[in-house]
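Hi there,

Thanks for offering to take a look at this one. I am passing the structure over to you here, and my notes follow below it.

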Amino acid sequence: MTFRELAAQRRSCRKFEERRVDQTTIDLLIETTLTAPSSKNCRSTRIGYTDNPEILQAVSEMRSAGSAFVGDAPLAFFILADDSDTDLWRENCSISATVLQFAAEDLGLGTCWVHVHGRPHRNEEPDGVTAAQYLKERIPALEPYRILCVVACGYPAVRHTPHSPKPDDGDKSFRIG
């Protein structure tokens with residue numbers, strides 16, 4: 001499969017088979033993700049992962065909307081950073097999370113990014129506890145890192161039709177110069 005085909009095929013997956021992802025596959029995903037580019041090659045990204053149902057349930061409750069499906073995922077990756085390495089940790093983590101999602105797709109897995117950084121635990125309390133604070137209270141191993149996102153991962157219960165260019169996408173790109 002070409003990269004273009006892989007990019008078209010990758011879709012967010014929120015429904016997973018009740019099937020574990022083996023450790024060899026997890027290790028391959030981490031190894032691939034850690035090859036992602038980073039600012040000045042500082043390699044600030046860190047990756048945590050869990051297949052523990054209790055932790056997955058806690059992650060599913062980190063936000064009042066948009067994270068519930070993680071409780072039914074067989075695996076989740078935490079995309080983290082040591083922000084003492086660079087102020088561009090968010091960008092580095094974003095690149096790493098994207099590489100992780102494409103690597104998972106290439107291995108027949110589905111993923112969905114759940115944003116953590118800057119998000120409230122409860123939408124009705126935007127100035128209250130953040131999703132990151134909520135997670136760190138329940139998962140001490142996440143200290144001292146900054147958390148950009150969680151990527152739910154597993155074998156898709158449903159495969160969606162690949163993306164195709166939309167007829168009205170012409171206004172989304174333009175030539176400069």
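**What covers helix α3**

The buried residues of α3 are covered by elements that include β1, β2, α5 (131-138) and β4. Please keep in mind while you read that this is a predicted model. The buried residues in question are Leu56, Ala58, Val59 and Ser60. At the N-terminal end, α3 is capped by Asn52, which has a side-chain oxygen 2.8 Å from the backbone nitrogen of Glu54.

Just past this helix there is a serine to look at. Ser67 sits in the loop between α3 (53-60) and β2, and Ser67 is buried, at a relative accessible area of 0%. Its side chain reaches the backbone nitrogen of Arg63, at a distance of 3.4 Å. If you leave aside neighbours within four places in sequence, the contacts of Ser67 are Val59, Ser60, Glu61, Met62 and Val114. Two of these names, Val59 and Ser60, also appear among the buried residues of α3.

**Helix α2 and its two sides**

Which residues of α2 are buried? In this helix, which runs over residues 23-33, they are Thr25, Ile26, Leu29, Ile30 and Thr33. Looking down the axis of α2, you would see these buried residues fall within an arc of 135 degrees, so they line one face of the helix. Thr24 and Glu31, on the other side of α2, are exposed.

The cover over the buried residues of α2 includes β1 (45-50), β2 (75-81), α4 (89-106) and β4 (146-154). You will recognise β1, β2 and β4 from the list for α3. At the start of α2, Asp22 has a side-chain oxygen that comes to within 3.1 Å of the backbone nitrogen of Thr24.

**The loop after α2**

Between α2 and β1 there is a loop that holds Lys40 and also Asn41. Both are worth a look for their backbone angles. As background, most residues other than glycine have a negative phi, and most peptide bonds are trans. Lys40 has a positive phi of about 50 degrees, although it is not a glycine. Asn41 likewise has a positive phi, near 55 degrees. Lys40 counts as exposed, with 83% relative accessibility, and Asn41 is exposed too, with a relative accessible area of 56%.

There is a backbone feature elsewhere in the chain as well. The peptide bond that leads from Glu143 to Pro144 is cis, and its omega is near 5 degrees. Pro144 is placed in the loop between α5 and β4.

**Cysteines**

How many disulfides does the structure hold? The count is zero. For Cys93, the closest cysteine sulfur is that of Cys149, and at 7.2 Å it is too far for a bond, because a disulfide needs the two sulfur atoms within 2.5 Å. The sulfur of Cys112 has its closest cysteine sulfur in Cys13, at 7.9 Å, again too far for a bond. Both cysteines are tucked away from the probe: Cys93 is buried at a relative accessible area of 0%, and Cys112 is buried at 2%.

**Strand β3, helix α4 and the cavity**

Thr111 belongs to strand β3 (residues 110-115) and counts as buried, at 2% relative accessibility. Its side chain is joined to that of Gln101 by a polar contact of 3.2 Å. Apart from neighbours within four places in sequence, Thr111 is in contact with a set of residues that includes Arg10, Arg11, Ser12, Cys13, Ala104, Val151 and Cys153.

Glu91, in helix α4, is partly exposed, at 39% relative accessibility. The C-alpha atoms of Glu91 and Thr45 are separated by 9.7 Å, with the two residues 46 residues apart along the chain.

Finally, the structure holds one cavity of 30 Å³ or more. The volume of the largest cavity is about 80 Å³. Its lining is made by Gln9, Arg11, Ser12, Cys13, Glu105, Gly110, Pro156, Val158, Arg159 and His160. Arg11, Ser12 and Cys13 from this lining are also in contact with Thr111.

Happy browsing, and best wishes!

Notes
Residues are numbered from 1 along each chain as its sequence is written. This is a predicted model: local features need pLDDT of at least 70, side-chain atom pairs count only at pLDDT 80 or more; totals for chains, interfaces and linings use all residues. Side-chain values use heavy atoms; hydrogens and water are left out. Buried means under 20% relative accessible area, exposed over 50%, partly exposed in between (1.4 Å probe, protein chains only). Helices (H or I, at least four residues) and strands (E, at least two) are DSSP runs, numbered from the N terminus. The arc is that of the directions from the helix axis to the C-beta atoms. Contact means heavy atoms within 4.5 Å. A polar contact is a pair of N or O atoms within 3.5 Å; within protein, one must be able to donate a hydrogen and the other to accept it, and residues adjacent in sequence count only if both atoms are side-chain atoms. On a 1 Å grid over the protein atoms alone, a cavity is a set of points where a 1.4 Å probe fits but cannot get out, and a pocket is an open set with protein on both sides within 12 Å along at least five of seven lines; lining residues have an atom within 4 Å of a point. Grid points are joined across faces, edges and corners, and a volume is the space filled by probe spheres set on the points.
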